[in-house]
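Visitor: Could you take me through one part of this model up close? I'd like to see the place where the two chains meet.

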Amino acid sequence: MFAYYLDLALRSLKRSPGLTLLMVLAIGFGVAASMTTWSVFRAVSGDPIPWKSSRLFVPQLDIWGPDSRKKGGYTDISDAFDYTDALALMRDHRGKLQSAMYQVSPSVVPADAAKHPINVSGHAVFSEFFPMVEAPFKYGSGWSAQDDQNRSHVLVLSDKLNQKLFGDVNSVGKSVNIEGKDYRVVGVVDRWNPQPRYYDVVNTGGFVGDGAEDVFLPFNTAIDVGMPNNGNTNCNEIPKEAGFIGLQHSSCVWIAYMVELDSATDVDSYKNYLDGYMRQQQQAGRFNWAPKYKLSDLPAWLDSEHVVPDDTKVSLLVALGLLIVCLVNTAGLLLAKFLRRSGEIGVRRALGAPRAAVYAQFLTEAGMVGAAGGVLGLLLTGVGVACVGWVLPKDIAALARLDVSLLAMTLVVAVIATVLAGLYPTWRASRVQPAWQLKSN
Amino acid sequence: MELRPIFSTLRRHKTTAWLLILEIALTCAIVCNAVFLIGQRLQRMDLPSGIAEHELVQIQLGPIGKNADAKAQSATDLAALRQIAGVRQAAMTNQMPFSCCSDSTGSIMLDPHQQQGTAQVAEFMGGAGLLSTLGAELVEGRDFQPSEYVDFDAAVQALHDGNARGLPQEIILTRGLAERLWPGQEALGRTVYFGDALPFRVIGVVASLARPKQLEQGVQYSAVLPIRMTVADGSSYILRTAPQDREAILKAAVAKLKQLDPNRVVLVKRTYDDARREYFAGDRAMAGILVGVILALLTVTALGIVGLASFWVGQRRRTIGVRRALGATRGDILHYFQAENFLLASFGIALGMVLAYGINLFLMLHYELPRLPGIYFPVGALVLWGIGQLAVLGPALRAANVPPVVATRSV
């Protein structure tokens, strides 16, 4: 029966090729535009670690008080940590895994004296950082908690920097000279560049243009050797001492913090802990305002940091609008087409076809238009995604990729959309009274 | 033109007519808002920076070594850069208008006891010749004198020690900021305060100098402080040259700096035009996407009108034939379809205006956009009427060509 409907649909579509082409074009355009924008939207709003994001949390402590917010015109409490509190939280170690981190940009001095030093970027983190974010290791592993304590001179390299310094070999155990000091390589991270860079949104704004981080160093070691913060620093008051040491003694915030909590009970007890910590700080006379803290899971945190640009949201809305217009357009055309065939429907109904058969026939036809539109949409989406690089900033455009799920979705959206658009016209068509139609002709 | 027959025909095709009206309405609403969004972007991209944009190049070096060296090195570098043929002026600055990454701001106050700052001001710092290198036009007062400059680390030290004497005493504001602080009054000679009630006397006013980012705080709210910067503070060298020499100068300058110390890392080297383009890349992208969507939308709508009109013409061939046989001219038939389209478009546009306003309200609420200016409504209406008439012309002409003899043929 389906083959018969297909045949009927084909004949009907062939009878008015112009109109058919029009419908296909409209669907193709609409689907392609909305899918292209969707691919960009998904790229920037995607969950960087979907299997774990609900278990990763970012705490915020109100160490500056309500007055600072009034003065600066902010509503949220500061989104980073000062040195004292970050270390206190690390010391108390109440989460399953946790790490304070700050951004560094040291120079690596190549062994070959003829080569110039290279400026690299990376983060100073604690050992638990690697299992927490599940960084994939090509060689070796992260360092141990013992290394954190001993302030060992160890580091983890990116695959890229490893290639540059040693070639494509297992460099674990070799040493790298950073700003005049030797560090032993303990691990090499395989290609890993989560977007958005969720573990340090404050410094990166979420998206980092060219590639992965080059190095990870132990936090305590980096502090020890005085490797300065290369990320944002926000101060409520001017530090009393100058330099990096002054920064560590100040209430300026410049450290990112992330903690893994595996169950709702853990989350509650961590909240209790934060509350207790802030109370204790208040009682110790550090501040005189009501203790305030926040603990957001990763998705909420990314949202509150405005990682997805408003622009992208608006353009998604516009593209959806386009899709709706295309659907209305197709619905109108299908309606006009189907209603004109009341005679044909009348004959079929008089010959004994039930309403369901009429439905099947017309929805098949609508589906065919949708499928054709979808195929065109696929091609146009391909062109669209390829062209995104012309108009969007490189770091975001690079994320918009054509993948199988996007392609499948293009097709499915097109077919479902057209069948939806065809429902009303089909319903109208199936209402046709057979006797009346036969008589009038 | 008699409208009644048109209405009675449309009543018989209610759903189709409504769908067409809905399509026109949606198109109208989306196009109005999209054009408005594009306008917003273009306006942003067009903001004046107040500097000699096409004559500047910027080089930023990675900080290496001790501060003491940095001071001497920066001075040597600047002297060497000024030697390069084609370099008209060179200076150091902590930041540039509309460019990424470096942004120093402070809360400015009119009264030392003020609880809350009057405005968040971008603080430009640099040694002698900064203003003239940037090409910022001094409209009142004077530039800083050599004795008024303070080294950055000395200023920071003075700040820590609470020694106001060690800080610069003068400041230059933009006209926009002066207007904000003292509307309609003389700014020269007045005192403003930063931080812990630190006073600065206004000695000059520049026509314009845009801030690096956070434009929503007031694009023109900038101030210049006589503080000498060094490479170690993350500052950049800026060179002013003839527009056609920029690329060559950039290369020569980097070569010169590397020659002075081969171990240095160049973090940024670009012309100011590139920096500005990079800064507004997002806006350009958004405008591009919106233009594409508008074109697609108008095309789809026009095609929809063509399709439906062709269909109606086909359906009404016999009626048209009868009308022609009864004495209607070709013009009558043509005008009938044109009037029908005009009517549908008008309904669509009316509905679309309401929708456009609604969408704008939603965007205002969620994305901090301004209100849609009234001018968009009549212009949008004209465009859609035009497109409707263009689209219907083909089918209408075909209808006009239906010969009267059709009336005599049975179906």
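Guide: Sure, let's start with the polar side of things. Between chain B and chain A there are 2 residue pairs in polar contact, both at pLDDT 80 or more; that term stands for a pair of N or O atoms within 3.5 Å, where within protein one must be able to donate a hydrogen and the other to accept it, and residues adjacent in sequence count only if both atoms are side-chain atoms. Salt bridges (a side-chain nitrogen of Lys or Arg within 4 Å of a carboxyl oxygen of Asp or Glu) come to 0 between these chains.

On the chain B side, α2 (14–45), α5 (152–161), α9 (281–315) and α11 (330–367) each supply at least two residues that touch chain A. These helices are DSSP runs (H or I, at least four residues), numbered from the N terminus. The largest share, 20 residues, comes from α9(B). By class, that side of chain B has 25 nonpolar, 15 polar and 3 charged residues, with Gly counted as polar and Ala, Val, Leu, Ile, Met, Phe, Trp, Tyr, Cys and Pro as nonpolar, and Asp, Glu, Lys and Arg as charged.

As for area, about 3,800 Å² is buried between the chains, and carbon and sulfur atoms give 76% of that. Buried area here is the accessible area (1.4 Å probe) that two parts lose on being put together, summed over both. In chain B, H160(B), F311(B) and Y367(B) lose the most, together 17% of what that side buries.

A word on the basis: this is a predicted model, where local features need pLDDT of at least 70, side-chain atom pairs count only at pLDDT 80 or more, and totals for chains, interfaces and linings use all residues. Residues are numbered from 1 along each chain as its sequence is written, chains are lettered from A and ligands numbered from 1 in the order in which they are written, and side-chain values use heavy atoms, with hydrogens and water left out.
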